[in-house]
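Colleague: Hi! Could you walk me through this one?
Modeller: Happy to, have a look here.

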Amino acid sequence: MTQRFFAILLLCSSLLSAQQRFTLSGNVTDATSNESLIGVTILVNELNTGTVSNEYGFYSITIPEGEYTVTISYLGYGDQQRSIVLDKAIRMDYQLVPETEELDEVVVTEDVEKINIRKPEMSINRLSIQTIKQIPVVLGEVDVIKSILLLPGVTNAGEGASGFNVRGGAADQNLILLDEAIIFNSSHLFGLFSVFNPDAIKDLKLYKGGIPARYGGRVSSVLDIYQKEGNSKQFQLNGGIGAVSSRLLAEGPIVKDRGSFLVGGRASYAHLFLRLTDNDNTAYFYDLNTKLSYKLNDSNSLFLSGYFGRDVFSISDSFENLYGNSLVNLRWNHLFSDRLFSNLSLIYSDYFYGLELDFVGFEWNSGITNFNLKYDFKHYLTDDFQLNYGLNNIYYKFNPGEITPNDESSGINPDKLIDKFANESAVYIDAEHKLNSKLALQYGIRLSHFIRLGQDQLNTYENDQPVLFDPELQIYQKADPLATESFSRSDVLESFTNLEPRFSLAYSFNDNTAIKASYNRLSQYLHLISNTNSPTPLDVWAPSGRYIKPQILDQYAVGYFKNFKDNVFSFETEAFYKQIDNRIDYIDGADLIANDAIEQVILNGEARAYGLEFLLKKNLGDFQGWLAYTLSKSEQRTLPRTPEETGINNGNWYNTPYDKTHDISFNGTYKINDQWRFNTNFIYQTGQPVTYPIAQFEFQGLVVPQFGLRNVNRLPDYHRLDISANFIPKRKNGKQWKGEWVFGIYNLYNRRNAASVTFSENSETGVNEATRLSIFGVVPSVTYNFKF
């Protein structure tokens, strides 16, 4: 009996030991620079399971005790395989060698793609900085924003337009983050270039849907961009010289293998050539990227990153426009255990807009400043279950505008629009849950809370209606304020609380085929006050409050994903539907500039968008690229508030300015040999909705146009073809210098795409004529890039 008892006890003990699980964790970095790598796949071959490194290169996976082969793979780097005996918790750091440095490259891609197809991620696009640098662009200036326009579901208002539109959403509905700090204006020179220096960028990810709970504050998309940390092994210098701008980036160790610095600058100089022609006009930009990184020990790291950019535009000595972004972020990474990673960030972000009008004798400035505290945790509980949770708090100060006389004889009196203040906070929890070999889920919830704080003055109106309807004229008009109220900064004018559930799933039929679905709700408390088709520097942001309600989005998406031909090709298609409540609309004739009572010209409406996206990619071989097509519809409406009112556009749905029925884009790269590579883009988009006049009448000698329903007309369809060639000269033995020539032609067949169409009377014939404004024809460019 005793022997039988001990036998059972021994059997139970062996079964328990067989179920023991241990954690494999560590960091993944670049072997040549110690730069942390984001999204590296760590695959346990025997279990066909794995994980990916987070935004700081950390990974963790908990699996049963045993002997395993681990494959580490990342695009652009040689793969590694390691054999491990997991009988205790192991910390194992990996250093990957870039393929350009590899002598005997090992490519293991098949198992890596299996993990991607099974992840419950959809509506997400990622572009490597190597891919972005190969895309032909105007004037040869590598552009992050212009690159994502080649992705399905992403458009903009055309050439020279700032911002971008995702799945029929407005430009202000995109959350743009640089090292976690909010960017309010992503463009230089009114949209010709983006504010992101490509040499300083490490990783870019665009979320169009299925947005994780850690993100909030915008209802259309999240563009999450991380800067490089700097080379902690050796000093390195790289840059580029182009036709209109140049850039230079220096990085190196502060303490070898522990600390590093990065400083990058970029500036345009096309305005210098204007002076050779006695032209006093000026238009240029400059920006500066900085980062300091220091590894205190295996569990603690500090990062200090910054960005400062400015645009200057002036006409002779009578007009000067200055605007740009500034941000600073101090971050602390801490590893509580091999399963619990944390990041604490303290962020300052500022957007400034200044205008100096010497010919009338005053200066104008406006802007928005915010302070953001966020604390995020990633908890690797098992290989099948991970938690992300955290909190953040953002304090905003809005300066709608201030006028200061710069000449005592101008007769201009100082004036200040009323500053506004707000606080936005949130807590969230998000789970990544693999139920079995076929079904994986990601689900979470975000609780957001927005407080509109006290300000010096606030108008009050009868029945809280700042906009009235005139039944005789059948138009909306401004209401006269009854009085104004004054508040202290600590007073709460209005508060909003919203629960934002997020859910996505992936069902895998096999290693190469999956269907996915997602739902997310998001809230947006800030609004860009603009009735132009794309953002301009003069636009101002306004917080939600008594008269402006927060936008609320519900988005649904389903998709089919497939890898085939041994992962040489991949295909994905998604259908989406999104509904937005409280989308701002403007009454006819709304005056938005320097308006201290903006509530008198806006109404709360609704918007919707739906469509189909297709993406076919070739991932391997000498020829790589993708073909994307989107069929979509984007509409909005503002219903009448009472039976007597008409609503906007008679209360009917009408096209938003960013409705593009058809959107086709192609990108291809062909590598001939180690020296020559050819690249091409093709873009076709349905013309942008506009409102043309339908008649005219004469009033006191003036010809006044009469407009019909909103956005029933369209600009001509937009399309163009770009090409470029990259040439890398052979390096001489022992030389550290690496050079590259980039020859490009933007808009190869000289398509005169319409930026706008205006109507005016021909002074000679007296006939009204339509005039098309085009910004670019064919534009050749040459850029020289270097690194040593």
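Colleague: How many positive and negative side chains does the protein have?
Modeller: The protein has 70 positive and 91 negative side chains, counting Lys and Arg as positive and Asp and Glu as negative, with His and the chain ends not counted. The centres of the two sets lie 8 Å apart, placing each charge at NZ of Lys, CZ of Arg, CG of Asp or CD of Glu.

Colleague: Anything I should know about the model itself?
Modeller: This is a predicted model, where local features need pLDDT of at least 70, side-chain atom pairs count only at pLDDT 80 or more, and totals for chains, interfaces and linings use all residues. Residues are numbered from 1 along each chain as its sequence is written, and side-chain values use heavy atoms, leaving out hydrogens and water.

Colleague: And how many helices and strands are there?
Modeller: Five helices and 53 strands; these are DSSP runs numbered from the N terminus, with helices being H or I of at least four residues and strands E of at least two.

Colleague: How much of the protein is buried?
Modeller: Of its 788 residues, 53% count as buried (under 20% relative accessible area, with exposed over 50% and partly exposed in between, using a 1.4 Å probe and protein chains only).

Colleague: New topic: what is the phi of Asn747?
Modeller: Asn747 has a positive phi of about 60°, although it is not a glycine. Most residues other than glycine have a negative phi.

Colleague: Where does Asn747 lie, and is it buried or exposed?
Modeller: Asn747 sits in the loop between strand 50 (738-746) and strand 51 (754-761), and it counts as buried at 0% relative accessibility.
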